[in-house]
Amino acid sequence: MAEQPPLTRAHVLNVVLTYAAVASLWILLSDKAVEWLFSTPAQFALASTIKGWLFILITALMLYTMLRRRINQSTASPRLSRRQWLPILLLNSLILALTAMAIAQNIGLTRDKEVARLETIADLKSRRITEWLGNREQDLRQIIDNPRYGDLSPSRQRTKPSDEQAQRLTRLVEFISAEGFDGAALFDPAGQPLWQTPGAGVMNATLRDALARVTAGKVLRVGPYLDELGQPRLDFLAPLATAAGPAPVIVLQISGSHWINQILKPWPIPDSSGEATLFRQRADQVQYLSDLRYRPDSALRLHLPLHHDTLLAAQYLRLDAGQRGPRVLSGKDYRDMAAFGVVYPVEGTDWYLLAKIDKAELNQASFKESIWIGLISLLVLFVTNAGIILLRQHTRLLMTEQVRHSQAQRLQALQLLSAIADSSEDAIFAKDREGKYILFNRAASQFVGKPAAEMLGQDDLAIFPPDQARMLMAAGRRVIENNRVQTEEEYLTLPCGDRVFLATKGPLQDNDGQVIGIFGISRDITGFKRAEADLREREGLFRALVEQSLAGIYIIQQGRLCYINPCFAHLFGYDSPGALLGVGPLHALASPEDSERVAELVLRCEQEGGDIHARFSALHHGSQALEVELYGRRVDYRGQPAVLGLLLDVTEREQVEQALTRQAMELRQQNEELERFNKVMVDRELAMLTLKHQINELSRQLGLPPPYPQAPMPPEEHP
């Protein structure tokens, strides 16, 4: 009988510490697992009971095993062999893989839960916007359908409304104020205002264009748009029903973006990064219609490029019109922060509502749950390894099970690889050393118009014209000879026409590293090549327009001329733009008295923005004086702020203006001379009249007839 080792304090401490560790982990992690797996109180109570009994059973078995091993343990304790360690390692790996799957599932569940929440928020807010717009249109329909408001416009005989009309106008103002409108106005079909409330805006180009599109009995919504004061504005238009004559158009106006902010800003979760925004497409720009959480007062002012690859709103607007339904998107928001959101179209408008949160918030929620899953996994690993120690005699059975499981995983991997190849839109194929196909996926079959089963065992001569087939076979031989991956463009003739493929081919090797054939992935880039050719054509057209322009075109960056067209150089007497670019800044071409002013205008435009429109004197290369007009605007050029503009030679126009000014001064002097001469003549005539009148008066006093009875009285003596 084997000698039993003595029971020491170390062995007792080992048992006690092991029990304490298992009990602590069980209490700490099992409650969290029950909370995570069960939701109802009944399930929670049942799970807690089962958890308690399992704790008693597991700890009892653990203590029994540890004490029995101690009793049966001989002085020389055998060690586990390498073959006996293999099942333990495989099972531990499986537990870790399941833990990874659980974490991945938890991430997916968290994402799905957040998607459902965002979809609910986006659907609710889009419906509220639609309902709000419908209510405002219904308010306007109540006005146009009410016959009492049909004669609101003053008659042609009266410039002011009658008392009855004034009362109706008062009631109308009270009605629109109660319904949330900021102002109202009445215009005739020509756009002339008939009356308006104090808060109403003035006629503008957008509103004038809308007047031509109104139809009887229908409400036309205009906007939102920026009015002449640069403030957001939303108008509702409809013609009033009149007994005779052209129908005037009533306009109800809402100024600012408070109406949409009241709908979008509330968020159901406090301290969340969630945000709802409203946007639409304007040409090649994404225009935000509402104020943004991190950019106040940005409604209708923030525009981002539609070609932005990762912008959530740009991703949605690049979709075809038929695909613009509710959609989940992942990318970046207007702050260039990683975000995750849901887009819903607003019914009856070209607006779209985006409800999004930062990805950091989503990842944080997933990370907390993943920590608990990892801790539970540690507990499972501990319990599993304890069970393996208890059932060490079944090592071979476990090894067999693991081998079977490994084979199943390999088969699943092969099936997955086949599924991936068939689901790819690129042609994926493989050939043996003779050039015969041994793999041909679904996309490759669609390109050549033949089933994959028919292509297996065939070479390129069975698919392509002889010259193209020989070219492909030669490329395959080069890959085998060089034993390296190569990528090149291939122009092939297929049943659907001539196509261009970007083909990547590499050597196919066996387990010993011997080349047994080649593999290849071919992507159809025909559309890309056509787009590339079209882009080159457009670039050439644009360059021709700029180079042949009759106006001087320039780009200034960091205070220096970095581009000018030939016309700009010719204006200053240079043969080529390169000769003039060496001058440096634009103000070096100005006269000394205007140089400082031009430098200040260019610097302010480049740093602060705004437009340039100024006239200054410049110096021709031949020392001649020029009068030029300068136009400029700030732009982004190669990622840096710059000034782009035109330069026009106005020397002749300046000379004509100066000649006209001199003629006007000469005419003014001649007119003043005539006025002085006329005044002298009039004063002399008045003096003669006064003298004749005095002679007549003296003759009457002497009793003589007046010598000048026909003389009129001086003007100052008329009554």
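These exercises work through a predicted model of one chain.

**Exercise 1. Confidence**

Find where in the chain confidence is lowest and where it is highest.

*Solution.* Start with the whole chain. Its mean pLDDT is 80. Of its residues, 85% reach 70 or more. Next, go element by element. Helix α1 (residues 9-37) has the lowest confidence, at a mean of 66. Strand β7 (residues 285-288) has the highest, at 94. Finally, look for weak stretches. Over residues 74-78 the pLDDT is below 50. Beyond near neighbours in sequence, that stretch has four contacts in the model.

**Exercise 2. Overall make-up**

State how many helices and strands the chain has, and what share of its residues is buried.

*Solution.* Count the elements: 17 helices and 21 strands. Then take burial. Of the 719 residues in the chain, 36% are buried. Last, check contact range. Among contacts with a separation of 6 or more, 48% come from residues 24 or more positions apart.

**Exercise 3. The largest nonpolar core**

Locate the largest nonpolar core and explain its position relative to domains 1 and 2.

*Solution.* Step one is size: this core has 43 residues. Step two is its best-connected members. I129, F236, I250 and L278 have the most contacts inside it. Step three is origin. Helix α3 (residues 82-145) supplies the largest share, 10 residues. Step four is the domains. Domain 1 (11-66 + 88-147 + 270-413) gives residues to the core, and so does domain 2 (148-259); the core therefore lies between them.

Now follow L278 outward. Not counting residues up to four places away in sequence, L278 touches I129, I260 and L264. Its list of contacts also includes Q287, Y288, L289 and S290. V346, W351, Y352 and L353 are touched as well.

Another core lies apart from the largest one. That core has 25 residues, among them I564, C567, L571 and A618.

**Exercise 4. A helix α3 residue**

Decide whether T110 is buried or exposed, and list what T110 touches.

*Solution.* Place T110 first: it is in helix α3. Its relative accessible area is 9%. The cut-off for buried is under 20%, so T110 is buried. Leaving out residues up to four places away in sequence, T110 touches L362, A365 and S366.

**Exercise 5. Aromatic pairs**

Classify the ring pair Y288 and Y334, then the pair Y437 and F440.

*Solution.* The whole structure holds 11 aromatic pairs. Take Y288 and Y334. Their ring centres are 6.1 Å apart, and their planes meet at 70°. Planes over 60 degrees apart count as edge-to-face, so this pair is edge-to-face. Now place the rings. Y288 is in strand β7; Y334 is in the loop between β9 (327-332) and β10 (338-345). The pair therefore ties together parts 46 residues apart in sequence. Both Y288 and Y334 are buried.

Turn to Y437 and F440. Centre to centre, these rings are 5.0 Å apart, with 80° between the planes. This pair is also edge-to-face. Y437 is buried, at 5% relative accessibility. F440 is buried too, at 8%.

**Exercise 6. A tryptophan cluster and charges over rings**

Identify the cluster that holds W351, and name the charged residue over the ring of W351.

*Solution.* Ring pairs link W351 with W132 and W259 into a cluster. Next, look over the ring of W351. The charged end of R221 sits there, 5.3 Å from the ring centre. Then look at Y294. R335 lies over its face, at 4.0 Å from the ring centre.

**Exercise 7. Backbone features**

Find the cis peptide bond that involves P224, then describe the phi values of D297 and D336.

*Solution.* The cis bond joins G223 and P224, with omega about 5°. P224 sits in strand β3 (residues 220-226).

Next comes D297. Its phi is positive, about 55°, although D297 is not a glycine. D297 lies in the loop between β7 and β8 (303-305). At 57% relative accessibility, D297 is exposed.

Last is D336. Its phi is also positive, near 65°, again in a residue other than glycine. D336 belongs to the loop between β9 and β10. With a relative accessible area of 46%, D336 is partly exposed.

How values were computed:
Residues numbered from 1 in each chain as written. Predicted model: local features only at pLDDT ≥ 70, side-chain atom pairs only at ≥ 80, totals over all residues. Heavy atoms only, no water. Core = buried A, V, L, I, M, F, W, Y, C linked by side-chain atoms within 4.5 Å. Buried < 20%, exposed > 50% of the residue type's maximum accessible area, 1.4 Å probe, protein only. Helix = DSSP H or I, 4+ residues; strand = E, 2+ residues; numbered from the N terminus. Domains from an automatic or database assignment. Contact = heavy atoms within 4.5 Å. pLDDT = per-residue confidence, 0-100. Phe/Tyr/Trp six-rings, centres within 6.5 Å; stacked < 30°, edge-to-face > 60°. Lys NZ or Arg CZ within 6 Å of the ring centre and 35° of its normal.
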